[in-house]
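Here are my notes on the helix packing and the nonpolar cores. Please read them with the structure open.

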Amino acid sequence: MIIRLTVNGRQHEVEISAATRLIDVLRDQLGLTGTKQGCRAGECGACTILVGGQPIQACITLASRVRDEVRTVEGLDDRFIPLRQAFADHGGFQCGFCTPGQLMRAAALLAETPLERLSDEAWLREQMNGNVCRCTGYCGIIRALMSEDVRALARDNAPE
Ligand code: FES
Ligand code: FES
């Protein structure tokens, strides 16, 4: 079957089977290899992307079921430079394999989190706990999310 997908603001027509997973369309057909594949079972969060603004795991999502716009790490626009920079500044990654998924989960979180929540470390850890990192021990990721630059980003993009 042929389906239409909007990914990072661009429309695509792709030929798939009923069993084709979204991650395979993104990586193999559209060349968007920023989305990583770890467990292939919906458990590690490496393949986290946004569909309709909500984080989902692309490894367990059938491409044929996707109706809303898809956003991958390649589509994180310049507003999110402070988020990427905070990961670099605060030790939020080492090997980087989990980082695209962490960034997409964090981007979704920032879009809907009241600012005061970003000071709540326990809450932040709980929100991010679907994204496994084998390297950092998570401290750098949480430091990045609690940094002043990320708070400023959340403040600037808070819903009216
Ligand atoms: S690769 Fe998708 S959750 Fe692990
Ligand atoms: S930075 Fe290596 S898995 Fe997270």
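1. Helix α3 (residues 99-112) packs on helix α4 (residues 121-128) at an angle of about 125 degrees. Their axes are 10 Å apart. This is a predicted model, and the values should be read that way. An angle over 115 but not over 145 degrees counts as oblique, and α3 and α4 are therefore oblique to each other. The crossing of α3 past α4 is right-handed.

2. Which residues make the contact between α3 and α4? From α3 come Gln102, Arg105, Ala106 and Leu109. From α4 come Trp123, Leu124, Gln127 and Met128. By class, this contact has five nonpolar residues, two polar and one charged.

3. Now the other side of the pairings: α2 with α3. The angle here is about 130 degrees, and the axes lie 11 Å apart. That makes α2 oblique to α3. Their crossing is right-handed.

4. In the contact of α2 with α3, α2 contributes Leu83, Arg84 and Phe87. They meet Thr99, Gln102, Leu103, Ala106, Ala107 and Leu110 in α3. The class count is six nonpolar, two polar and one charged. Note that Gln102 and Ala106 appear in the α3 list for α4 and in the α3 list for α2.

5. The largest nonpolar core has 27 residues. Leu76, Leu83, Phe87, Leu110, Leu124 and Leu145 have the most contacts inside it. Helices α2 (81-89), α3, α4, α5 (139-145) and α6 (148-156) each supply at least two residues of this core. Which helix gives the largest share? It is α3, with seven residues.

6. Leu76 deserves a look of its own. Neighbours within four places in sequence are set aside here. Leu76 is then in contact with Arg84, Leu103, Met104 and Ala107. Of these, Arg84 is among the α2 residues that meet α3. Leu103 and Ala107 are among the α3 residues on the other side of that contact.

7. Another core, of 18 residues, lies apart from the largest one. Among its members are Val14, Val25, Val51 and Val70.

8. Is Arg151, in helix α6, buried or exposed? Its relative accessibility is 18%. Buried means under 20%, so Arg151 counts as buried. Not counting residues up to four places away in sequence, Arg151 touches Leu115, Leu118, Ser119 and Met146.

Definitions and conventions. Residues are numbered from 1 along each chain as its sequence is written. Chains are lettered from A and ligands numbered from 1 in the order in which they are written. This is a predicted model: local features need pLDDT of at least 70, side-chain atom pairs count only at pLDDT 80 or more; totals for chains, interfaces and linings use all residues. Side-chain values use heavy atoms; hydrogens and water are left out. Axes are lines fitted to C-alpha atoms, for helices over the stretch in contact, and angles run from 0 to 180 degrees between N-to-C directions. Helices (H or I, at least four residues) and strands (E, at least two) are DSSP runs, numbered from the N terminus. Angles under 35 degrees count as roughly parallel, over 145 as roughly antiparallel, 65 to 115 as roughly perpendicular and the rest as oblique. A crossing is left-handed if the near helix is turned anticlockwise from the far one by less than a right angle, and right-handed if clockwise. Contact means heavy atoms within 4.5 Å. Ala, Val, Leu, Ile, Met, Phe, Trp, Tyr, Cys and Pro count as nonpolar, Asp, Glu, Lys and Arg as charged, and the others, Gly among them, as polar. A nonpolar core is a set of buried Ala, Val, Leu, Ile, Met, Phe, Trp, Tyr and Cys residues joined through side-chain atoms within 4.5 Å. Buried means under 20% relative accessible area, exposed over 50%, partly exposed in between (1.4 Å probe, protein chains only).
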